[in-house]
Amino acid sequence: MDKDHAVNPSSSASNPLFLGFMLLSFFFGAGNLIFPPMLGMNAGLNFTPAVIGFIVTAIALPMLSLIAIAKSSGGLLGLGRRVHPVFAYVFAILIYLSIGAMYGIPRAANVGYEMGFRHFINLPEGISLITYVVVFFSVCYLCALKSGRLVDIIGKVLTPVLLGVIALLCGLAFMHLTPSVHAPSEQFNSNPLSAGIIEGYFTLDALAGLAFGTVLANAIMGSTKAAGQAPLAPQQLVKVMIQSSLVAGLFLGLIYFGLAWIGRGMYRPEGYENGAVLLSSAATQLMGNAGNVAFGMIVILACLTTCIGLINACSSFANQVYPKIGYGVYVLIFTVLGALFSNLGLDSILAIAVPIMVFLYPISIALVLLSLIHPMIAKHPLTYVFGVGTATLFAFNDMLSNLVSSPLPWHSLIEKLPMAELGLGWIVPTILMALLGFVIKRSDQAI
């Protein structure tokens, strides 16, 4: 990491509480805001297992991704090299493009405009979006450019404000809304735990964790170096990252529970178009006309902090891969790309990005989980090759299924696999092939 984005040596930079706040604000984007209320409403009497399932994939997996990055000396590229050097670069580039310029940044910015800005700033339609994009991405650029103060700007300022507004909304909901006792929707009726797990998938935070892990590690190591202290040992770095992850995970869990509880309290038989409409209705009901302003503030802050984190993560990675271009130039590039893609609209962004996400998620989970047991399989590299390779094949099949309208010729075979009805048919074959890779290596050593 070059001096342009070295972390400021403030006492808070290595404080797990503020680092946890920084992580929380990075993860907590628009999707994290709107999925839990709909889950809470649709789960009905199966509220508890559905929320637990959501927490598994929306909190546990991202935190595991952070820990896996902490334990890898080479960050995301280091993880990927355990499979193959070419795989490492292709996989890392796809991750950063998908959570960055191609999807994560423009989606968050666009949602901030649709759900926040335009609700309480009355400007002509043609000027409104342009004004918002210019102001929004100017703030993103300035904050990401001064990444040495990310912990102070986000951890000490933006996140407490965000938490305060959410806490106000949830507190009023607990006092004035009565949880509805109603039957769950079809999705959460037979297996609410699995349905919650799938809902947590949609946050895509397990992918973001692979990028934010590098940002967090740089923040910790940079602050230590700037303070003139000896570099942290790998075990110490992992310890601080785990502590920070637990802080972020705890607050995310409280937020998700509160938002899901609001969804249950706002139940109506005809439902809502989406979680944004549900929360907007709750804010108006609980806080009157000021509710719309408060809700818009929540959305814009959530989207802003997420975009700052994503721009920082993408720029840091690009600078690592090609350091001849300075970090500040990369910040400008990703900021401009994010601003341009934001004008495409959510439907177009989702149409481009969803197949890529479907492809990357199983690969990421397989790589992260294997990396967590790396000391056991370090001398058995085929474990990574067979395990991640199998997940890649299934992920490619899922991507093709999303791109074509008719079922693929082998669709009936895949449907017979365990958990295929949940969209998790890749898990058992991946585990079996990873075990096979482990056994083959052990046989070679015995010979």
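**Note on helix packing, aromatic rings and buried positions**

1. At 3% relative accessibility, Y132 counts as buried, because the limit for that class is under 20%. The model discussed here is a predicted one. Y132 belongs to helix α7, which spans residues 125-145. Its partner in an aromatic pair is Y113, a residue of helix α6 placed 19 residues away, so that the pair joins distant parts of the chain. Y113 is likewise assigned to the buried class, its relative accessible area being 3%.

2. The geometry of this pair deserves a separate remark. A pair of aromatic rings is described by the distance of the centres and the angle of the planes. For Y113 and Y132 the centres are 5.4 Å apart and the planes stand at 45°. The pair is therefore classed as tilted, since 45° is neither under 30 degrees nor over 60.

3. A further ring pair is formed by F136 and F137, with centres 5.2 Å apart and planes at 75°. This pair is edge-to-face because its angle is over 60 degrees. Both phenylalanines are buried. Ring pairs connect F136 and F137 with Y113, F117 and Y132 in a cluster. Under the pairing rule applied, the count of aromatic pairs comes to eleven.

4. Helix α6 (residues 104-120) also packs on helix α14 (residues 327-342). Their axes lie 8 Å apart and make an angle of about 55°, which means that α6 is oblique to α14. The crossing of α6 over α14 is right-handed. On the α6 side the contact is made by I105, P106, A109 and N110, and on the α14 side by G338, F341 and S342. By class, the residues of this contact comprise four nonpolar and three polar, with no charged residue.

5. Helix α5 (residues 85-99) and helix α13 (residues 289-321) form another packed pair, with axes that come within 9 Å and cross at roughly 150°. The angle is over 145 degrees, and α5 is therefore roughly antiparallel to α13. Here the crossing is left-handed. From α5 the participants are Y89, A92, I93, Y96 and I99, which meet L310, A313, C314, F317 and V321 of α13. The contact of α5 with α13 has ten nonpolar residues, and neither polar nor charged ones.

6. Helix α9 (residues 192-201) is mostly covered, eight of its ten residues being buried. Which residues of α9 are buried? They are P192, S194, A195, G196, I198, E199, G200 and Y201.

7. Two hydroxyl-bearing positions may be read together. S244 is located in helix α11 (residues 234-265) and is buried, with a relative accessible area of 0%. Once neighbours within four places in sequence are set aside, S244 is in contact with P16, L19, G20, L23 and L216. T430 is located in helix α19 (residues 427-446) and counts as buried at 7% relative accessibility. With residues up to four places away in sequence not counted, T430 touches A366, G387, T390 and A391.

Conventions. Residues are numbered from 1 along each chain as its sequence is written. This is a predicted model: local features need pLDDT of at least 70, side-chain atom pairs count only at pLDDT 80 or more; totals for chains, interfaces and linings use all residues. Side-chain values use heavy atoms; hydrogens and water are left out. Axes are lines fitted to C-alpha atoms, for helices over the stretch in contact, and angles run from 0 to 180 degrees between N-to-C directions. Helices (H or I, at least four residues) and strands (E, at least two) are DSSP runs, numbered from the N terminus. Angles under 35 degrees count as roughly parallel, over 145 as roughly antiparallel, 65 to 115 as roughly perpendicular and the rest as oblique. A crossing is left-handed if the near helix is turned anticlockwise from the far one by less than a right angle, and right-handed if clockwise. Contact means heavy atoms within 4.5 Å. Ala, Val, Leu, Ile, Met, Phe, Trp, Tyr, Cys and Pro count as nonpolar, Asp, Glu, Lys and Arg as charged, and the others, Gly among them, as polar. Rings of Phe, Tyr and Trp (its six-membered ring) pair if their centres lie within 6.5 Å; planes under 30 degrees apart count as stacked, over 60 as edge-to-face and the rest as tilted. Buried means under 20% relative accessible area, exposed over 50%, partly exposed in between (1.4 Å probe, protein chains only).
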